[in-house]
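Reader: Please take one part of this model and go through it closely. I would like the cut-offs behind the terms as they come up.

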Amino acid sequence: MKKVKLGFFSQKNYMNRNTFSGTLYYMHQALMSKKEFELVNLGDPYPPSQWNNIKEKIKKTWGSFQDTEKQKKENNENFAKLIKKQLEQNNFDVIFAPVASKELPFLETDLPIIYLSDTTPRLILQTYGKKILLDEEEKQQIVRASKIVYSSKWAANSAINDYEADPNKIEIVPFGANIEQVPEIDKILTKCQSSACRLLFIGKDWQRKGGKIAWETLLSLLKLNLEVELVILGCIPPPEFQHEKFKIIPFLDKNIPQEQEQFIELLLSSHFLIFPTRADCSPIVICEANAYGIPVMTTDVGGIPDIIENGKNGFMLSLNDSGDQYANLIATYFSDKNIYEQLVRSSREEYEKRLNWDQWANSVYRIASELVSN
């Protein structure tokens, strides 16, 4: 196989596992581990450390006292100078630009560009009510890119319909799981004989991620006399949500080994990820759950239909379904240990076949090598 010299282009700190929920970090790691790539860092990424974390906090605090627009302009100018210098020092084959629509205007090159995203500004506005970029700016980068990689048909269709993207330039490649350790299947299967069911909810936004539905599911399962608990990770629910079977872990930092280990233990001991999100793009948490053989109870929104195959690695319900519908499905599959074990096995199989960064990196290599050979 021909070796491809790939420039990883981003203004974000993709050496930090907390940036973009760790997705850029794991993309970078996956590409770096492939011997078919010679990967070169563009921008100014740096690994997290206590001192770097302090510097980032100072930078954020100091930035709030400064002229934000002026500071942004200065940062962008410095970034553009740095990129120009880095391009002069290297002979790249292809530039890989993940979620980089804002910084792509600072990239002056005739090299082929692979632009990656999980959404479009139009979808962000429709889904979250936020305006992150002008449509014209996004369209310019879509036209400029040699190839565009989206994580779902949902995002790709928006690029085609809203930004006149050439369908021949688009590739659909699912994301992987942002985890360090993937356990052996035997270790995962030990939880299948448990009589108690642990539900895991992961999300920073209690309301948007459907926390109230998760809560209703817990109550419904208790009414069905199932031994169950619900663990909330990533947020603090409103005070009215309290129960002895309701546990809250506000935050775990994957950059801290002890907290990373706590996260892994939580995945190993959970039976279902309950993720009734009201709006989402391509949630990495589903891939993470599947890596640990956890079936996911979620909704048919955004890019999720490209991740979940009903009955294999979870189930998609409608936005109108209540906690009772979630509870009935969970009780049906968990009450029969053989059926539940098969669901665990097939959830893990979907991770191994599609939802891992190694498969993703193979697809990126294929795309990059085709650009180089053309």
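Author: Phenylalanine 315 is a good place to begin, since its relative accessible area of 10% puts this residue among the buried ones (under 20% is buried, over 50% exposed and anything in between partly exposed, with a 1.4 Å probe and protein chains only). Tyrosine 333, by contrast, has a relative accessibility of 22% and therefore counts as partly exposed.

The model is predicted, so local features need pLDDT of at least 70 and side-chain atom pairs pLDDT 80 or more, while totals for chains, interfaces and linings use all residues. Numbering runs from 1 along each chain as its sequence is written, and side-chain values use heavy atoms, without hydrogens or water.

The two residues are best seen against the aromatic pairs of the model, which number 18 (rings of Phe, Tyr and Trp, the last by its six-membered ring, with centres within 6.5 Å; planes under 30 degrees apart are stacked, over 60 edge-to-face, the rest tilted). One of these pairs is edge-to-face, joining tryptophan 215 and phenylalanine 241 at 5.3 Å centre to centre, with 85 degrees between the planes. Tryptophan 215 belongs to helix H8, whereas phenylalanine 241 sits in the loop between E8 and strand E9 (246-249), so this pair ties together parts of the chain that lie 26 residues apart in sequence. Helices (H or I, at least four residues) and strands (E, at least two) are DSSP runs numbered from the N terminus. Tryptophan 215 and phenylalanine 241 are both buried.

Phenylalanine 315 and tyrosine 333 form a pair as well, but a tilted one, with 4.9 Å between the centres and 50 degrees between the planes. Here strand E12, which holds phenylalanine 315, is linked to helix H11, which holds tyrosine 333, across 18 residues of the chain.

Strand E12 (314-317) and helix H11 (323-335) lead on to the largest nonpolar core, which has 32 residues, those with the most contacts inside it being Leu199, Leu230 and Phe272. The contributors of at least two residues each are helices H7 (185-189), H8 (211-223), H11 (323-335) and H12 (337-353), together with strands E7 (197-202), E8 (228-233), E10 (272-275) and E12 (314-317). Such a core is a set of buried Ala, Val, Leu, Ile, Met, Phe, Trp, Tyr and Cys residues joined through side-chain atoms within 4.5 Å.

Leucine 230 shows how these parts meet, for beyond four places in sequence this residue touches Leu199, Phe201, Ala214, Trp215, Leu218, Lys245, Phe246, Lys247 and Ile274, contact being heavy atoms within 4.5 Å. Trp215 in that list is the tryptophan whose ring pairs with phenylalanine 241.

Elsewhere, ring pairs join Phe8, Tyr14, Phe96, Phe175, Trp357 and Trp360 into a cluster. Trp357 also touches asparagine 178, whose other contacts beyond four places in sequence are Ser21, Gly22, Thr23, Tyr26, Lys254, Ile284 and Glu288. Asparagine 178 lies in the loop between strand E6 (170-172) and H7, and is buried, with a relative accessible area of 0%. Asparagine 178 and glycine 22 are 156 residues apart along the chain, yet their C-alpha atoms are separated by 6.3 Å.
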